[in-house]
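Thanks, everyone; I would like to take a few minutes on how the parts of this chain sit against each other, and then turn to one residue. Please have the sequence and the structure open as I talk.

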Amino acid sequence: MIKILNITKKYGGHFALDAVNIQVDKGELFGVIGPDGAGKTTLFRLVTSLLVPDDGTIIVNGYDTVEDYRSIRKIIGYMPGRFSLYHDLSVEENLRFYATVFGTTVEENYDLVRDIYSHIEPFRNRLAGKLSGGMKQKLALSCALIHRPEILVLDEPTTGVDAVSRKEFWEMLKRIQNEGITILVSTPYMDEAQLCDRVAFLQEGQIMTVNTPQGIINDYPRELFALRAKDIYKLVLDLKSYHGTHTSLLFGHEIHYTERSKSIDHERLTMYLEEKGHEEIIIEKIEPGIEDSFLEYMRES
Amino acid sequence: MNKDLVIKVRGLTKKFGDFVANDHLDFDVYKGEIFGFLGANGAGKTTAIKILCGLSYPTSGEVSVAGYNVYNQTEQVKRNIGYMSQNFTLYEDLTVVENIRFYGGIYGLDKKTIKTKSNLLIEKLGFEKEKYRLIADIPLGWKQKLAFSVAMLHDPQIVFLDEPTGGVDPNTRRQFWDLIYEVSDSGMTVFVTTHYMDEAEYCSRVSIMDEGKIVTLDTPENLKLKYQAANMDEVFVKIARG
């Protein structure tokens, strides 16, 4: 559905994207994961034909993003990072505006957006600028869908959104995917990567890996352990100065820990921590999650 | 923990017309604490933070910050707090040194103090080579460190961090929490909002707001027990969906 072939984009001497290759299949929910400044937005602006690449080609549903940009814009729904809503139009006016621009009506495709739009319909006469962040997000998504696009491109739709609204948003995405719409979405949240069919990990303009979430987890090269103790901050500091430590990273109420060798020297570590005065030490082997894998990729590069 | 009171809030209520954004909030924040201020979008967090920072008046209730009340001592409140958010912090088209100097001036420090402070800060952060670079040209992790340090340039009693890690990669996020721990260890009070529930675990105590009210306030450990949850994410979902 989307073929990104050897795409390079430069701003001055800076490579925002450097020979990027990705292929997204029809009906797929595909995630692009990467830190701020990795090139996610540039990539999406290229896919939506809003930027022209310096090198390479992007084919969307058979159309070239440079030569056939008019055809592409008809079949894509795009929700940019800061939601492209008209703040001085009401909720309803925004939706009608987007429908009209794409040569359709709200009524024609209402079925597709009903699920999402019904949350904000009680506020249909309110100016979009006066909506809360969560409501703006829902309106922006409704506007991006109102012409029933074949492909939906969402640039960090959940940044700054609370944990519960994020879960609801992803439930909506799954339902949209079930309507047969291909979805390309970027996010800085690792737990959301888990919900995609496949993800590409982008860093400094380059693709580090493209795989299923499980495939990325399977790539994790070491045995991973969770460590806990009474004083977790002191545990962080003490592990930093322990000679065996390869990585030690805070994960909520515990530390994810690896040693230089593939597994860990349990006895020696316990002894060291006891010498440092730690109490209630717990060391247990755990399965890595997707965030562990990404942190390892970032460390390697 | 030292039980010196840094923030005292009793019956804080803020109304916009008929809408009650903050509904009788009661809480204390102690010196050296990392106080997590959580809630769904629209729960009323930003309204409360604006009041605590002396940028907006309560409709009713008693609120003191760093020993000053937020009705008629807002200038003193502002001089004794630091504030950092992800979006509004540093000027991209000024250099590192210029940003420090600018904020020093805003906080009313004299020229000599600004000079001493900025030298100290640059040395501490290891920014000697970068001090004449534009903020736009330095990596995000460094910007964050600088923004955080600049927010404490005037030695405030408390620093407010409003979603300081939004949209940041997992590695930079963790480095930033190292810094938070470090300043809290030195006695600074940290008041922080976040949408990352793993970060809620790093706080000394956490309050969770819903529809203008504080639903619960306790240590992460106690909250997990109370709501029979494996982690703070589950606690949050139970409260916000409950």
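The domain assignment divides chain A into domain 1, residues 2-218, and domain 2, residues 224-300, and I should say at once that what we are looking at is a predicted model. Taken over C-alpha atoms, the centres of domain 1 of chain A and domain 2 of chain A are 37 Å apart, and the contact draws on 13 residues from domain 1 and 8 residues from domain 2.

How much area do the two domains of chain A bury between them? The figure is about 990 Å², with 77% of it on carbon and sulfur atoms. On the domain 1 side, A:M190, A:I216 and A:I217 supply 49% of the area buried against domain 2, which is more than any other three residues.

Turning to polar interactions, we count 0 salt bridges between domain 1 and domain 2 of chain A, and 1 residue pair in polar contact, with both residues at pLDDT 80 or more. The side of domain 1 that touches domain 2 takes at least two residues from each of α7 (190-193), β9 (198-203), β10 (206-211) and α8 (213-218) of chain A, and by class that side has 10 nonpolar, 3 polar and no charged residues.

Now to the single residue, A:E254, which lies in strand β13 of chain A, residues 254-259. A:E254 counts as buried because its relative accessible area is 12%, under the 20% cut-off. Its side chain makes a polar contact of 3.4 Å with the side chain of A:H256, and, leaving aside neighbours within four places in sequence, A:E254 is in contact with A:A226, A:L227, A:R228, A:I232 and A:L249.

Technical notes: Residues are numbered from 1 along each chain as its sequence is written. Chains are lettered from A and ligands numbered from 1 in the order in which they are written. This is a predicted model: local features need pLDDT of at least 70, side-chain atom pairs count only at pLDDT 80 or more; totals for chains, interfaces and linings use all residues. Side-chain values use heavy atoms; hydrogens and water are left out. Domain bounds come from an automatic or database domain assignment. Contact means heavy atoms within 4.5 Å. Buried area is the accessible area (1.4 Å probe) that two parts lose on being put together, summed over both. A salt bridge is a side-chain nitrogen of Lys or Arg within 4 Å of a carboxyl oxygen of Asp or Glu. A polar contact is a pair of N or O atoms within 3.5 Å; within protein, one must be able to donate a hydrogen and the other to accept it, and residues adjacent in sequence count only if both atoms are side-chain atoms. Helices (H or I, at least four residues) and strands (E, at least two) are DSSP runs, numbered from the N terminus. Ala, Val, Leu, Ile, Met, Phe, Trp, Tyr, Cys and Pro count as nonpolar, Asp, Glu, Lys and Arg as charged, and the others, Gly among them, as polar. Buried means under 20% relative accessible area, exposed over 50%, partly exposed in between (1.4 Å probe, protein chains only).
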